[in-house]
Amino acid sequence: MGLRMRVAAILALVGCLATVTESKVYTRCKLAKIFSRAGLDNYEGFSLGNWICMAYYESHYNTTAQTVLEDGSIDYGIFQINSFTWCRRAKTQEKNHCHVACSALLTDDLTDAIICAKKIVKDTQGMNYWQGWKKHCEGKELSEWKKGCEVS
Ligand SMILES: *[C@@H]1O[C@H](CO)[C@@H](O)[C@H](O)[C@H]1NC(C)=O
């Protein structure tokens, strides 16, 4: 490889790494706004506080959060949605109930993650899917979570 090619290759590689490692961590109020606009407030009866609290304990608002579980499946993104049932990781027999690539659940654009979270709440009849929610949010006074944010 010539020098110019090598420089180009290195730049391309650095560019790739930068894209892969870039992670977006939302602030609480920014999320509150996005969730509110996406219709999560009182979705299936769960107030906005439930969603903000849940996302905090699941991912600390980190859209690129990934957790590998014991069974080899992976939890993805801000809502830690699992590949075994809900998204497609590879061309395997995974159920992919949300009809979405797991990687789409790691982007700054939360559209796909929110659509999938809504489906989880509908299909499983509640928010029990999320251990973080069950442990820290369920049945608690949750209005604090949207305090100071410009949402109604
Ligand atoms: C977000 O999650 C990714 C993937 O787990 C991690 O590499 C990154 O450090 C996290 N960002 C913050 C600010 O915690």
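## Close-up views of a predicted model

**View 1. Six residues, Ser23, Val25, Asn62, Thr64, Ala65 and Gln66, surround the ligand.** The protein covers 39% of the ligand's accessible area, which amounts to 360 Å² for the ligand on its own. The model shown here and in the other views is predicted. By class, the shell around the ligand holds two nonpolar residues, four polar and no charged. From Asn62, a side-chain N or O atom lies 2.3 Å from an oxygen atom of the ligand.

**View 2. An open sheet is built from three strands in the order 1-2-3, with antiparallel pairing.** Strand 1 (66-68) and strand 3 (81-82) each have a single partner strand and stand at the edges, so each has one side without a neighbour in the sheet. Gln66, one of the residues around the ligand, falls within the range of strand 1 (66-68).

**View 3. Strand 2, residues 74-76, pairs with strand 3 in the antiparallel sense.** Two bridges join strand 2 to strand 3. Asp75 has Asn82 of strand 3 as its bridge partner.

**View 4. Asn96 lies in the loop that runs between strand 3 and helix 4 (111-124).** Asn96 counts as buried because its relative accessibility is 11%, below the 20% cut-off. A polar atom of the Asn96 side chain is 3.0 Å from the backbone nitrogen of Val100. Leaving aside residues up to four places away in sequence, Asn96 touches Thr85, Trp86, Cys87 and Arg88.

Technical notes
Residues numbered from 1 in each chain as written. Predicted model: local features only at pLDDT ≥ 70, side-chain atom pairs only at ≥ 80, totals over all residues. Heavy atoms only, no water. Pairing = 2+ DSSP bridges. Helix = DSSP H or I, 4+ residues; strand = E, 2+ residues; numbered from the N terminus. Buried < 20%, exposed > 50% of the residue type's maximum accessible area, 1.4 Å probe, protein only. Polar contact = N/O pair within 3.5 Å; in protein donor to acceptor, adjacent residues only side chain to side chain. Contact = heavy atoms within 4.5 Å. Near = heavy atom within 4 Å. Areas by Shrake-Rupley, 256 points an atom, 1.4 Å probe, with all protein chains shown as cover. Nonpolar A, V, L, I, M, F, W, Y, C, P; charged D, E, K, R; others polar.
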